[in-house]
Amino acid sequence: MSNILMNRTRSQIVRFLLKNGPSTCSEIGAELQASPSTIRRQLYFLGNAGLVQRASSHFTASPEQVRRQTYAFAATFGNAVMPPDGPAPMN
């Protein structure tokens, strides 16, 4: 599930919640200019990943869980990241 934040809408939702605090689906949708069904669907995925919690009609994001997901995703790259100087020249 480390790629859960690779979806643009999901990452926008998480950023919105971290910045604005508890918000309704309608508030999130209005800010992101997305339909309520789109927001609900993405909140479902985020909730299953433990990144978003629901209390009554409001949703919140967990900064600690977002941090963990980000680190887990970065770890999947392992040694695949190129050194800062770029690729070695081909002979």
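Start by selecting Gln 53 and Thr 60: Thr 60, in strand S3, is the bridge partner of Gln 53. The model on your screen is predicted, so local features are described where pLDDT is at least 70 and side-chain atom pairs where it is 80 or more, while totals for chains, interfaces and linings use all residues. Residues are numbered from 1 along each chain as its sequence is written, and side-chain values use heavy atoms, with hydrogens and water left out.

**Stop 1: the sheet**

Labels such as S3 or H1 come from DSSP runs numbered from the N terminus: helices are H or I runs of at least four residues, and strands are E runs of at least two. Next to the pair you have just picked, select Val 52, which stands opposite Ala 61 in S3. In total, four bridges join S2 to S3, and the two strands run antiparallel.

Now show the whole sheet. It is open and has three strands in the order S1-S3-S2, with antiparallel pairing; two strands count as paired if DSSP finds at least two bridges between them. S1 and S2 (52-55) are the edge strands: each has a single partner, so one side of each has no neighbour in the sheet. Add helix H1 to the view and you will see that H1 packs on the sheet, where H1 touches S1, S2 and S3. The direction of H1 makes about 95° with that of S3 (axes are lines fitted to C-alpha atoms, for helices over the stretch in contact, and angles between N-to-C directions run from 0 to 180 degrees).

**Stop 2: the hairpin turn**

Follow S2 into S3: the two form a hairpin with two residues between them. Select Ser 56 in this turn. What is the sign of its phi? Phi of Ser 56 is positive, about 60°, although Ser 56 is not a glycine. For background, most residues other than glycine have a negative phi. Ser 56 is also exposed, at 66% relative accessible area. Here buried means under 20% relative accessible area, exposed over 50%, and partly exposed in between, using a 1.4 Å probe and protein chains only.

**Stop 3: just past S3**

Select Ser 62, in the loop between S3 and helix H4 (63-75). Is Ser 62 buried or exposed? Ser 62 is buried, with a relative accessible area of 16%. Setting aside neighbours within four places in sequence, its contacts (heavy atoms within 4.5 Å) are Leu 18, Gly 50, Leu 51 and Gln 53. That last name is the residue you began with.

**Stop 4: helix H2, side by side**

Colour residues 25-32, which make up H2; its buried residues are Cys 25, Ile 28 and Gly 29. Look down the axis: these buried residues fall within an arc of 95°, so they line one face of the helix. The arc is that of the directions from the helix axis to the C-beta atoms. An α-helix has 3.6 residues a turn, so residues three or four places apart point the same way.

On the other side of H2, look for the exposed residues Ser 26, Ala 30 and Glu 31. Turn back to the buried residues to see what they pack against: H1 (8-20), S1 (23-24), H3 (36-48) and S3 (58-61).

Step just beyond H2 to Gln 33, in the loop between H2 and H3. Gln 33 has a positive phi near 55° in a residue other than glycine, and at 74% relative accessibility Gln 33 is exposed.

**Stop 5: the nonpolar core**

Select Ile 13, Leu 17, Ile 28, Leu 43 and Leu 46. Within the largest nonpolar core, which has 16 residues, these have the most contacts. Such a core is a set of buried Ala, Val, Leu, Ile, Met, Phe, Trp, Tyr and Cys residues joined through side-chain atoms within 4.5 Å. H1, H2, H3 and S3 each give two or more residues to this core, and H1 gives the largest share, four residues.

Zoom in on Leu 43. Which residues does Leu 43 touch, not counting those up to four places away in sequence? Leu 43 touches Ile 13, Leu 17, Cys 25, Ile 28, Val 52 and Phe 59.

**Stop 6: two rings**

There is one aromatic pair to find. Tyr 44 and Phe 45 meet edge-to-face, at 5.8 Å centre to centre with 65° between the planes. Rings of Phe, Tyr and Trp (its six-membered ring) pair if their centres lie within 6.5 Å; planes under 30 degrees apart are stacked, over 60 edge-to-face, and the rest tilted. Tyr 44 is exposed at 54% relative accessibility, whereas Phe 45 is partly exposed at 34%.

**Last stop: two distant positions in the chain**

Finish with Asn 3, in the segment before H1 and partly exposed at 47%. Asn 3 and Gln 69 are 66 residues apart along the chain, and their C-alpha atoms are separated by 7.9 Å.
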